[in-house]
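User: Please take a close look at one part of this model, the packing of its neighbouring helices, and describe it in one connected account.

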Amino acid sequence: LYKNILKIRINETKLTIEILCSTQQVIAGLEALRGQNRSLLESLQEASQSVSVEREKSSIIQQSLERIELGLNEAQVMMALSAHLGSLEAEKQKLRAQVRRLCQENQWLRDELAGAQQRLQDSEQEVVTLEEQNRHLQFMSSIRKYDQDEPPLDERDSTSNKETLDDLFPAEDEEQTQMSQPHHSSAAAAAQQGGYEIPARLRTLHNLVIQYASQGRYEVAVPLCKQALEDLEKSSGHTHPDVATMLNILALVYRDQNKYKEAANLLNDALAIREKTLGLDHPAVAATLNNLAVLYGKRGKYKEAEPLCKRALEIREKVLGSDHPDVAKQLNNLALLCQNQGKYWEVEQYYERALHIYQSRLGPDDANVAKTKNNLASCYLKQGKYRQAEGLYKEILTRAHEKETFVSERNCEIWVVDY
């Protein structure tokens, strides 16, 4: 477009120059013709003043001279007008140049303003990052203070509640029930018994991470875990059992964000550390094996999860005894894995054994009894064993009415997860 405009302006300039040159040539011709006519008129007036014909010729020549004078005057006006238009065009070009310069300066100022705004935004983000780091450092300082004030484990009351992650990730049915509770989520419920106890120096951090995870604030929970993991590795080395515990915490937070690959890598790392430092038959090893089995079960990898779950069951039976409630929880997980593979005969055995443990150790009114009965009844329904399922449902409803509680008749799959 600019090239076309420039071509038009060049053509206009050339045309103007040609018109001026033609006008100047016309003026020169008219002046010469005027001179010839004047000389002719003077000669005629001198030669024949008495002859009428000559007078008539003189009159015609006089009129021609007048027209020539008029043409010269008009040509001079055109020349003056052209000069005036030329000066106006020069002034217009000067103004255009000034406008272009002002536009360039305006664009430069806009660029400077945009750069200043970007630098301001970067500075604000840096300030926010520094404030977050400052809050994190203050929190880590408070964590160390609490850890220093923590009494040794052997000085505590042996009846104090143990904080583990046995129920950190319940099944979908339990998640919907726990959504209405202020301190429970798929990453926030802790079991009250069994498993591997959280080390004293990690207990405060663990509680805070669970609180953030229960609120869905993973952008805060994950950096806290990573920073604590880095500090533990620097102070105690990568193969320390507390590092494995921290890996478990971070893995379960990742699992809650559906980052299964990262969670599996962390759990395998934690398993290797615990097997090396604590032994193959330690409860912490069983807890990590169970976590891996639950992770595979959530992803539908039931065949890969089953041997892990069976090994965790063997360890817990060996360490805790065959009738411990944690063994019943492991049996529930194993039953779920077998049920998803269609191994209903094994499912019935696992549920019946878990039900026997719960009833004998915790009593018939324990919530786990109703849940296990419900799961067993669901297994019966899938096999078409309606009478057995009906009997279990009646038992659940009768006990619920007696205790004035409500139990859902849907299958309550409980994925038990440990530390």
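Analyst: In this predicted model, α6 passes α8 in a left-handed crossing, a crossing being left-handed if the near helix is turned anticlockwise from the far one by less than a right angle, and right-handed if clockwise. The two helices, α6 and α8 (residues 283-298), pack with their axes 12 Å apart and at an angle of about 10°, where axes are lines fitted to C-alpha atoms, for helices over the stretch in contact, and angles run from 0 to 180 degrees between N-to-C directions. α6 is therefore roughly parallel to α8; angles under 35 degrees count as roughly parallel, over 145 as roughly antiparallel, 65 to 115 as roughly perpendicular and the rest as oblique. On the α6 side N248, L252 and R255 take part, and they meet T288, N291, L295 and K298 of α8, contact meaning heavy atoms within 4.5 Å. These residues divide into two nonpolar, three polar and two charged, with Ala, Val, Leu, Ile, Met, Phe, Trp, Tyr, Cys and Pro counted as nonpolar, Asp, Glu, Lys and Arg as charged, and the others, Gly among them, as polar.

α6 (residues 241-256) also packs against α7 (residues 260-278), where the axes come within 8 Å and cross at roughly 160°. That angle makes α6 roughly antiparallel to α7, and the crossing is again described as left-handed. From α6 the contact draws on P241, V243, A244, T245, L247, N248, L250, A251, Y254 and R255, which meet Y260, E262, A263, L266, L267, D269, A270, I273, R274, T277 and L278 of α7. By class, the residues of the contact between α6 and α7 are 14 nonpolar, three polar and four charged. N248 and R255 of α6 thus appear in the contact with α7 and in the contact with α8.

The loop between α6 and α7 holds N258, which has a positive phi of about 65° although it is not a glycine. Most residues other than glycine have a negative phi. N258 is exposed, with a relative accessible area of 53%, where buried means under 20% relative accessible area, exposed over 50% and partly exposed in between (1.4 Å probe, protein chains only).

Further along the chain, α9 (residues 302-320) and α10 (residues 325-340) have axes 9 Å apart and pack at an angle of about 160°, and they are therefore roughly antiparallel to each other. Their contact includes Y302, A305, C309 and L313 from α9, and V327, L331, L334 and L337 among the residues of α10. The full contact divides into eleven nonpolar, three polar and five charged residues, and the crossing of α9 and α10 is left-handed.

An unreviewed UniProt entry carries the annotation "repeat: TPR" for residues 244-277 and 286-319; such positions are given in the numbering used here, feature names are shortened, and annotations may be inferred rather than shown by experiment. In residues 244-277 the end C-alpha atoms lie 10 Å apart, and the span is 91% helix and 0% strand. The protein has 13 helices and zero strands, helices (H or I, at least four residues) and strands (E, at least two) being DSSP runs numbered from the N terminus.

Residues are numbered from 1 along each chain as its sequence is written, and side-chain values use heavy atoms, with hydrogens and water left out. Because the model is predicted, local features need pLDDT of at least 70 and side-chain atom pairs count only at pLDDT 80 or more, whereas totals for chains, interfaces and linings use all residues.
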